[in-house]
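Work through the exercises below with the model open. Try each task before reading its solution.

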Amino acid sequence: MMETPYSGRATVNDNFDSIEIVIPSKKNWFIILFMCAWMGGWVMGEFFAITSILKGETFSNLFLVFWVIGWTVGGLFVIRTLVWNFSGHEIITATSGQLTIIKKAVIVLKSKTYDLNSAKDFRILDDGSNDIFSSFGGRRTNPWSLDNGGLIRFDYGMETIKFAGGISEAEAKSILDKLKDKKYLSSINFSKEAINTIL
């Protein structure tokens, strides 16, 4: 049976004066199941700790107050990560002169805008951060973070910006082609190595 060509994960909205690319978060079911199980223990721990505090035992009370604060912060962090995994979207908007990258899941969780005149060396680099087995506890990615790497990179001053996570190299190339076709990127934005492969 003939394989159907993969149409990609990103949705591209080509407007008159901008282009918007929406990429849904890549679901890592191992992390989702682990965090859901962890949340069950978290709720029980929170409940018993708060119950003990309300009983008013002096020494344990002081310790448990600090413990509950840390435990609550950790729980909120896990909830945010679960919400991102279930309903998150990376929204990349390019206009003349600027590129905005937004991580959104119900509300905007992270948003940054970059001056395209200062963005150099756009390139595609797969460092394995999209692999399910390297995304939990590995040194390349942080499973608790909203940042799931990204195949598209560019240099911005002394920082390397990564975006467009959870897509294939072919789709990343297609996104860069669209940005170039709309004249938002020119050959001076690309690394020398990328000119032959992307352009």
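## Exercise 1: Place a helix on the sheet

Task: Find which strands H3 lies across, and at what angle H3 runs to E2.

Solution. H3 lies across E1, E2 and E3. H3 runs at about 165 degrees to E2. Axes are lines fitted to C-alpha atoms, for helices over the stretch in contact, and angles run from 0 to 180 degrees between N-to-C directions. Contact means heavy atoms within 4.5 Å. Helices (H or I, at least four residues) and strands (E, at least two) are DSSP runs, numbered from the N terminus.

This is a predicted model: local features need pLDDT of at least 70, side-chain atom pairs count only at pLDDT 80 or more, and totals for chains, interfaces and linings use all residues. Residues are numbered from 1 along each chain as its sequence is written, and side-chain values use heavy atoms, with hydrogens and water left out.

## Exercise 2: Trace the fold

Task: State how many helices and strands the chain has, and in what pattern they follow.

Solution. Count: 4 helices and 8 strands. Then read along the sequence: β-β-α-α-β-β-β-β-β-β-α-α.

Next, the sheet. It is open, has 5 strands and follows the order E1-E2-E3-E4-E5, with antiparallel pairing. Strand E1 (11-14) and strand E5 (107-115) each have a single partner strand, so one side of each lacks a neighbour in the sheet. Neighbouring strands are turned by 15 degrees against each other on average, direction ignored. Two strands pair if DSSP finds at least two bridges between them. E4 and E5 pair over 8 bridges, in the antiparallel sense. One bridge sets Ala 105 against Ile 107 of E5.

## Exercise 3: Examine the hairpin

Task: Say how many bridges join E7 to E8, and which residue in the turn has a positive phi.

Solution. E7 and E8 run antiparallel, joined by 5 bridges. Arg 153 stands opposite Lys 162 in E8. The hairpin has 2 residues between its strands. Gly 157 in that turn has a positive phi of about 65 degrees.

## Exercise 4: Map the cores

Task: Name the residues that touch the most other members of the largest nonpolar core.

Solution. A nonpolar core is a set of buried Ala, Val, Leu, Ile, Met, Phe, Trp, Tyr and Cys residues joined through side-chain atoms within 4.5 Å. Buried means under 20% relative accessible area, exposed over 50%, partly exposed in between (1.4 Å probe, protein chains only). The largest core has 26 residues, and Leu 99, Phe 122, Phe 163 and Leu 179 touch the most other members. Elements that each supply at least two residues include strand E2 (18-24), strand E8 (159-163) and helix H3 (169-181). H3 gives the largest share, 4 residues. A second, separate core has 7 residues, among them Trp 42 and Val 78.

Now look at Phe 163. Beyond its neighbours within four places in sequence, its contacts include Ile 92, Leu 99, Phe 122 and Phe 154.

## Exercise 5: Compare two positive phi values

Task: Decide whether Ala 164 is buried or exposed, then do likewise for Lys 183.

Solution. Ala 164 has a positive phi of about 65 degrees although it is not a glycine. Ala 164 sits in the loop between E8 and H3. With a relative accessible area of 0%, Ala 164 is buried.

Lys 183 is also not a glycine, and its phi is positive, near 70 degrees. Lys 183 is in the loop between H3 and helix H4 (192-198). At 72% relative accessibility, Lys 183 is exposed.
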